[in-house]
Amino acid sequence: MSHNPLSADFPELSHLSREDLEDLLSDPVYFQAIFHSLNYVKELYKSQAELGMANEAIAQNNLTLQQRLYDLRSETKEAFDEAKSLEVRWKELEKEQKEVYQRFTPQFLLMRLRHSTTAQDDESEAVASTFIQQVPRPSVGDAGPTGATRAGQDVDDFIKKFKESRKIYHKRALWGEKWANGQVIWRDN
């Protein structure tokens, strides 16, 4: 037993003679027998077996989780597809909302006020024209009490309608003037 580099690196082989070492190199069966009897090789095989069993346990666990993972994948895909569908719907609703809000912008409201003011003026003029065309002209022999009452009722109805129509027109015209003078403030809330 000498102290050489081989015995320093492999103390398990230090008890072998030179002839045994030569036989070890020349005989593969003898080499395998010695190799597999070394403690660190035994530990290595033991660790390999433990790792193999651990991998087997992990694989078995993965197999038990496989169906649940497939189900979760399916649920996730359905949720994602629903989210995409809702996103499309959101964009449609946002567009509709923008169109609805467009009808309430100050410029659109001013345009509607101007159109309704003009329409109200036309309506009151139409009421006056209709009245003027329908009023019967009294003839020379037509001074009876029923004719005067009917004509008076027609005049009262006309005055009431015309006055109401002009009142609405003037209110709208007043708002239009206030707007033109910067006295109307539209709030967004």
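Colleague: How many helices and how many strands does the secondary structure of the chain come to?

Modeller: Six helices and zero strands. This is a predicted model. Along the sequence the pattern reads α-α-α-α-α-α.

Colleague: What makes H3 and H4 roughly perpendicular to each other?

Modeller: Their packing angle is about 75°. Angles of 65 to 115 degrees count as roughly perpendicular. H3 and H4 therefore earn that description. H3 covers residues 28–37, H4 covers residues 39–102, and their axes lie 5 Å apart.

Colleague: Which residues in H3 meet which residues in H4?

Modeller: From H3 come Phe35, His36 and Ser37. From H4 come Asn39, Val41, Lys42 and Tyr45. By class, that contact has three nonpolar, three polar and one charged residues.

Colleague: Why is Lys42 put in the charged class?

Modeller: Lys counts as charged, along with Asp, Glu and Arg, so Lys42 goes there.

Colleague: What makes up the largest nonpolar core?

Modeller: Six residues: Leu13, Leu16, Leu24, Ile34, Leu38 and Val41. To belong to a nonpolar core, residues must be buried and joined through side-chain atoms within 4.5 Å. Val41 is also among the H4 residues that meet H3.

Colleague: What is Leu38 in contact with, leaving aside its neighbours within four places in sequence?

Modeller: Glu12 and Leu13. Leu13 is listed in the largest nonpolar core as well.

Colleague: What share of the chain is buried?

Modeller: Buried residues make up 11% of the 189 residues. The cut-off is under 20% relative accessible area.

Colleague: And what does the chain expose?

Modeller: About 16,300 Å², with carbon and sulfur atoms supplying 58% of it.

Key
Residues are numbered from 1 along each chain as its sequence is written. This is a predicted model: local features need pLDDT of at least 70, side-chain atom pairs count only at pLDDT 80 or more; totals for chains, interfaces and linings use all residues. Side-chain values use heavy atoms; hydrogens and water are left out. Axes are lines fitted to C-alpha atoms, for helices over the stretch in contact, and angles run from 0 to 180 degrees between N-to-C directions. Helices (H or I, at least four residues) and strands (E, at least two) are DSSP runs, numbered from the N terminus. Angles under 35 degrees count as roughly parallel, over 145 as roughly antiparallel, 65 to 115 as roughly perpendicular and the rest as oblique. Contact means heavy atoms within 4.5 Å. Buried means under 20% relative accessible area, exposed over 50%, partly exposed in between (1.4 Å probe, protein chains only). Accessible areas come from the Shrake-Rupley method with a 1.4 Å probe; for residues, only the protein chains shown count as cover.
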